[in-house]
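This report covers a single protein structure, shown below. It deals with the pocket, the nonpolar core, strand pairing and charged contacts.

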Amino acid sequence: MKPKLIGYVRVSTDKQIESGAGIEAQVSYLEAEALRRNADLEIVSEGEGASGKSMGKRSALNEAMKRLDRGEANALIVSKLDRLTRSVADFLEVLER
């Protein structure tokens with residue numbers, strides 16, 4: 001049985017979109033990684049303009065984490081760590097879960 005991955009994407013500024021770090025670029029990277037791992041992938045997105053300052057305000061990420069807690073997926077993947085969190089404390093919370 002193939003592993004199930006949840007790919008999380010987020011863009012917070014227009015500058016990121018212009019730099020090639022937009023939603024499409026992140027999705028492309030995650031699709032390639034899922035293919036490399038022979039895994040099924042579901043993408044979840046906050047959409048554009050979602051700040052990384054607080055994980056509590058990001059509903060797509062929080063729902064993805066709950067699904068992982070329930071065993072509905074095997075792992076959460078991101079194209080870069082700063083798409084997941086900008087806080088060391090928040091990152092440690094994700095690792096503990």
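## Largest pocket

The lining of the largest pocket divides by class into 12 nonpolar, 1 polar and 4 charged residues. The model is a predicted one. In total, 17 residues line this pocket, and the space inside amounts to about 360 Å³. Nearest the centre of the pocket lie Ala75, Leu76, Ile77, Val78 and Leu84.

Which elements each supply at least two residues of the lining? They are the helices α2, α3 (59–69), α4 (81–84) and α5 (88–96), together with strand β3. Helix α2 spans residues 23–36, and strand β3 spans residues 75–77.

## Nonpolar core

In soluble globular proteins, nonpolar side chains tend to be buried together. In this model the largest nonpolar core has 12 residues: Ile6, Tyr8, Val44, Ala60, Leu61, Ala64, Met65, Leu68, Ala73, Val78, Leu84 and Val94. Two elements, β1 and α3, give two or more residues to this core. The largest share, 5 residues, comes from α3.

Val78 and Leu84 belong to this core and are also among the residues nearest the centre of the largest pocket.

## Strand β1 and its pairing

Strand β1 covers residues 4–11, and 7 of its 8 residues are buried. Strands β1 and β3 run parallel and are joined by 3 bridges. One of the residues involved is Ile6, whose bridge partner in β3 is Leu76. Ile6 is listed in the largest nonpolar core, while Leu76 is one of the residues nearest the centre of the largest pocket.

Val11 also lies in β1. Its relative accessible area is 0%, so Val11 counts as buried. Val11 and Arg83 are 72 residues apart along the chain, yet their C-alpha atoms are separated by 7.5 Å.

## Salt bridges

How many salt bridges does the structure hold? The count is 10. A network of salt bridges links Lys4, Glu42, Glu63, Arg67, Arg70 and Glu72.

Elsewhere, Asp82 forms a salt bridge with Lys80, with the closest N and O atoms 3.8 Å apart. Asp82 is also bridged to Arg83, where the closest N and O atoms are 3.2 Å apart. The two residues of this second bridge fall in separate accessibility classes: Asp82 is partly exposed at 28% relative accessible area, whereas Arg83 is buried at 5%.

Another salt bridge joins Glu33 and Arg37, and here the closest N and O atoms are 2.5 Å apart. Is Glu33 buried or partly exposed? Glu33 has a relative accessibility of 15%, and since buried means under 20%, Glu33 counts as buried. Arg37, at 48%, counts as partly exposed, because the exposed class begins over 50%.

## A contact distant in sequence

Ser28 is placed in helix α2, one of the elements that supply at least two residues to the lining of the largest pocket. With a relative accessible area of 43%, Ser28 is partly exposed. Ser28 and Ser79 are 51 residues apart in sequence, and their C-alpha atoms are 9.2 Å apart in space.

Methods. Residues numbered from 1 in each chain as written. Predicted model: local features only at pLDDT ≥ 70, side-chain atom pairs only at ≥ 80, totals over all residues. Heavy atoms only, no water. Salt bridge = Lys/Arg side-chain N within 4 Å of Asp/Glu carboxyl O. Buried < 20%, exposed > 50% of the residue type's maximum accessible area, 1.4 Å probe, protein only. Helix = DSSP H or I, 4+ residues; strand = E, 2+ residues; numbered from the N terminus. Pairing = 2+ DSSP bridges. 1 Å grid on protein atoms, 1.4 Å probe; cavity = no way out; pocket = protein on both sides within 12 Å on 5 of 7 lines; lining within 4 Å. Points joined across faces, edges and corners; volume = space filled by probe spheres on them. Nonpolar A, V, L, I, M, F, W, Y, C, P; charged D, E, K, R; others polar. Core = buried A, V, L, I, M, F, W, Y, C linked by side-chain atoms within 4.5 Å.
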